[in-house]
Amino acid sequence: MAQKQKTRSEIDKNYQWDLSTIYGSIDEWNKEYISTKDKLPSLTKYKGSLLKDANTLLEFLNLDTEINRKLDKLFSYAHLLNDEDTTNTKNQELFGKIVNLNNEYSKITTFVKPELLKSNYEQIKAFYKDLPELKEYEVLLEEIYRYKEHTLDEREERIVAELNKSLSSPSEIFEKLTDADMKFPDIVDEKGNSVEFTESNYSIFIRSKDRRVRKDAFNILHNTYGKYKNTLSETYASLVEVEVALSKIYNFESAIKMSLFDDNIDVSVYDNLVKTVNENLKELYKYYDLRKKILNLDEQHLYDTYVSLVEDDNKNYTFSEAKDLVLKALSVLGDDYVEILNKAFDEKWIDVFNNVGKRSGAYSSGCYDTNPFILLNFEGKLDDVSTLSHELGHSVHSYLSREFNSYQNASYKIFVAEVASTVNELLLNNYMLKNTSDKNEKLSILNKQLELFKSTIFRQTMFAEFERDMHAIVEQNGVLTNEVLCDAYYKLVKKYFGDSVYIDETIKYEWSRIPHFYYNFYVYKYATGLSAAAFIASQILSGNKEYIEKYKNFLKLGGSMYPIDELKQIDIDMTKKEVVESAIEMFKNTLEEFEKLIDS
């Protein structure tokens with residue numbers, strides 16, 4: 001009999017996060033919610049007078065910051081409470097209330113940026129001289145004025161805001177079609193049973209040791225998407241056309257430049273990633289050559305490229321063992337780093353086990369006025385140990401960013417968000433490899449690292465190349481028909497997989513199932529993040545103590561600098577190919593170690 005999933009009340013409190021450090025009760029939350037809601041209208045009295053003088057501007061910014069901090073704190077509590085049990089209607093109500101209040105705040109403050117941008121930044125600089133305390137908001141104000149030539153007047157901004165829901169329709173249509181309306185045929189599993197096939201369990205079937213099962217899974221998935229090819233092509237084409245149109249409306253040279261502008265990233269960083277990975281695809285080809293050899297295949301198909309190269313690793317880790325491994329692995333970062341890790345465990349930042357209604361997956365969250373919180377669904381597998389290390393990387397980064405910066409300078413950009421977490425993963429892998437004599441465990445760790453680099457450096461870069469090229473077609477007045485999209489994607493897959501993999505024709509529909517293509521040039525950040533992390537981990541593992549201190553200082557920067565400049569503080573220049581090459585070198589070395597061990 002299958003083990004019954006526990007309810008929230010059946011989970012040991014020692015393995016639940018402690019949200020009472022945010023609010024002692026829902027009543028306490030409600031009191032702050034009401035007081036914050038009542039304070040929102042006080043922002044409107046500054047409309048038309050923000051630039052009256054330095055004191056008025058500072059007064060507004062202080063009030064706005066105070067309200068934002070309350071909104072963040074209210075939101076953190078509500079969303080964490082909701083995620084621990086999404087079936088609880090009181091939790092749902094709380095979350096809905098704060099989402100609505102945030103929307104109300106956004107509407108009230110639509111006047112701020114257009115009003116400020118009627119002036120030049122020179123006036124703000126003059127205000128700094130009149131009132132030095134205003135410089136506390138220098139990063140925030142500089143960021144606003146950086147958008148001056150890309151900001152519409154208040155009426156135009158309001159028009160775009162009113163159209164926002166319609167403009168986001170392509171992604172909503174994609175989600176509705178693929179999550180709700182799209183149905184797949186059943187699949188026959190390894191035991192001969194007819195099983196309902198879903199997008200979710202595809203990841204299980206495509207890794208099946210039974211080649212017939214993974215071939216069937218591959219064909220069911222891609223043929224089903226192929227049946228919707230015209231709708232999905234039109235949906236994605238509409239999204240690209242919206243993004244290209246908005247880039248023109250907001251006075252950007254291209255959609256990609258508009259997307260990268262928020263992080264102040266030059267397009268050369270994006271192009272450098274694609275170019276450098278393309279120049280090193282031979283290392284990926286060696287990986288597929290080895291897969292073909294180990295799996296003993298005359299002809300390796302795409303549906304063979306996901307099955308594990310090692311025996312099933314049935315080793316289980318208790319949470320206590322996982323904690324011990326992570327603490328030992330990350331001790332290389334110093335006692336001060338480990339001290340923060342111990343706070344996470346001792347002060348109950350972590351919600352460890354799954355329960356009925358709990359949100360799936362894992363994340364690190366929280367806000368400026370709370371400690372970080374980590375949601376896990378720990379099942380005791382190697383992946384779960386790695387996830388613990390990964391999320392602690394996010395949490396320490398957030399903890400230090402908030403500790404060493406004011407509220408308005410504490411939030412780091414998404415571009416650097418995955419760096420600290422992935423550094424932790426790589427350090428954990430290195431520690432576990434050195435401290436186990438179990439050959440299969442070593443192979444599992446090496447295989448996992450190979451999969452990480454394959455899926456993040458190479459696959460995400462392939463996605464990034466596709467996204468860039470499809471937008472360029474529209475910007476050159478081309479049309480994204482189903483044939484154009486499928487042909488372009490098929491050619492990219494052929495290029496990235498090389499000669500040792502037979503490229504099944506139905507892979508041409510794969511682009512149509514990638515949700516990240518609706519996230520507006522997001523995927524490249526996965527690859528740049530891992531590239532930076534590999535460079536950092538290599539420096540740390542070389543025993544460079546000076547670099548370790550430099551890295552920890554990087555974690556303290558928060559949002560006080562642009563991400564590219566923050567990375568330069570730790571000798572990383574993302575416009576240069578050396579950083580991406582260092583990640584590919586780590587992939588190459590891992591592959592060589594794996595091959596030696598499996599042949600031994």
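Here are some notes on three helix pairs and two cavities in this predicted model.

1. Let's start with H18 and H19. Helix H18 covers residues 414-434 and helix H19 covers residues 439-475. Their axes lie 9 Å apart and the packing angle is about 155°. Angles over 145 degrees count as roughly antiparallel, so H18 is roughly antiparallel to H19. The crossing of this pair is left-handed.

2. Now for the side of that contact belonging to each helix. H18 brings Glu 425, Leu 426, Asn 429, Met 432 and Leu 433. H19 answers with Glu 441, Lys 442, Ile 445, Leu 446, Lys 448, Gln 449, Leu 452 and Phe 453. By class, the contact of H18 with H19 holds seven nonpolar, two polar and four charged residues.

3. H19 also packs on helix H24, which spans residues 577-599. The axes of H19 and H24 come within 10 Å and cross at roughly 150°, which makes H19 roughly antiparallel to H24. H19 passes H24 in a left-handed crossing.

4. The residue list for H19 and H24 is worth having at hand while you look at the model. From H19 come Lys 439, Lys 442, Leu 443, Leu 446, Asn 447, Gln 449, Leu 450, Phe 453, Lys 454, Ile 457 and Phe 458. From H24 come Ala 583, Ile 584, Met 586, Phe 587, Thr 590, Leu 591, Glu 593, Phe 594, Leu 597 and Ile 598. The contact of H19 with H24 divides into 14 nonpolar, three polar and four charged residues. On the H19 side, Lys 442, Leu 446, Gln 449 and Phe 453 are among the residues that touch H24, and these four are also among those that touch H18.

5. The third pair is helix H8 (residues 169-181) with helix H11 (residues 229-249). They pack at about 155° with axes 8 Å apart, so H8 is roughly antiparallel to H11. Their crossing is left-handed. Pro 170, Ile 173, Phe 174, Leu 177 and Thr 178 of H8 meet Thr 231, Leu 232, Thr 235, Ser 238 and Leu 239 of H11. This contact of H8 with H11 has six nonpolar and four polar residues, with no charged ones.

6. Turning to empty space, a search of the whole structure gives two cavities of 30 Å³ or more. The largest has a volume of about 90 Å³. Lining it are Leu 284, Tyr 288, Tyr 306, Lys 454, Phe 458, Arg 459, Met 462, Tyr 496 and Phe 497. Helix H14 (281-294), H19 and helix H20 (482-497) are the elements that give two or more residues to this lining. H19 supplies the largest share, four residues. The lining of the largest cavity has seven nonpolar, no polar and two charged residues. Two of its residues, Lys 454 and Phe 458, also belong to the contact of H19 with H24.

7. The second largest cavity has a volume of about 60 Å³. Around this cavity are Tyr 202, Phe 218, His 222, Leu 302, Thr 305, Tyr 306, Arg 459, Phe 497, Ile 507 and Glu 510. This lining is made of six nonpolar, two polar and two charged residues.

8. Which residues should you look at for both cavities? Tyr 306, Arg 459 and Phe 497 appear in the lining of the largest cavity and also in that of the second largest.

Key
Residues numbered from 1 in each chain as written. Predicted model: local features only at pLDDT ≥ 70, side-chain atom pairs only at ≥ 80, totals over all residues. Heavy atoms only, no water. Axes fitted to C-alpha atoms, helices over the stretch in contact; angles between N-to-C directions. Parallel < 35°, antiparallel > 145°, perpendicular 65-115°, else oblique. Left-handed = near helix turned anticlockwise from the far one by under 90°. Contact = heavy atoms within 4.5 Å. Nonpolar A, V, L, I, M, F, W, Y, C, P; charged D, E, K, R; others polar. 1 Å grid on protein atoms, 1.4 Å probe; cavity = no way out; pocket = protein on both sides within 12 Å on 5 of 7 lines; lining within 4 Å. Points joined across faces, edges and corners; volume = space filled by probe spheres on them.
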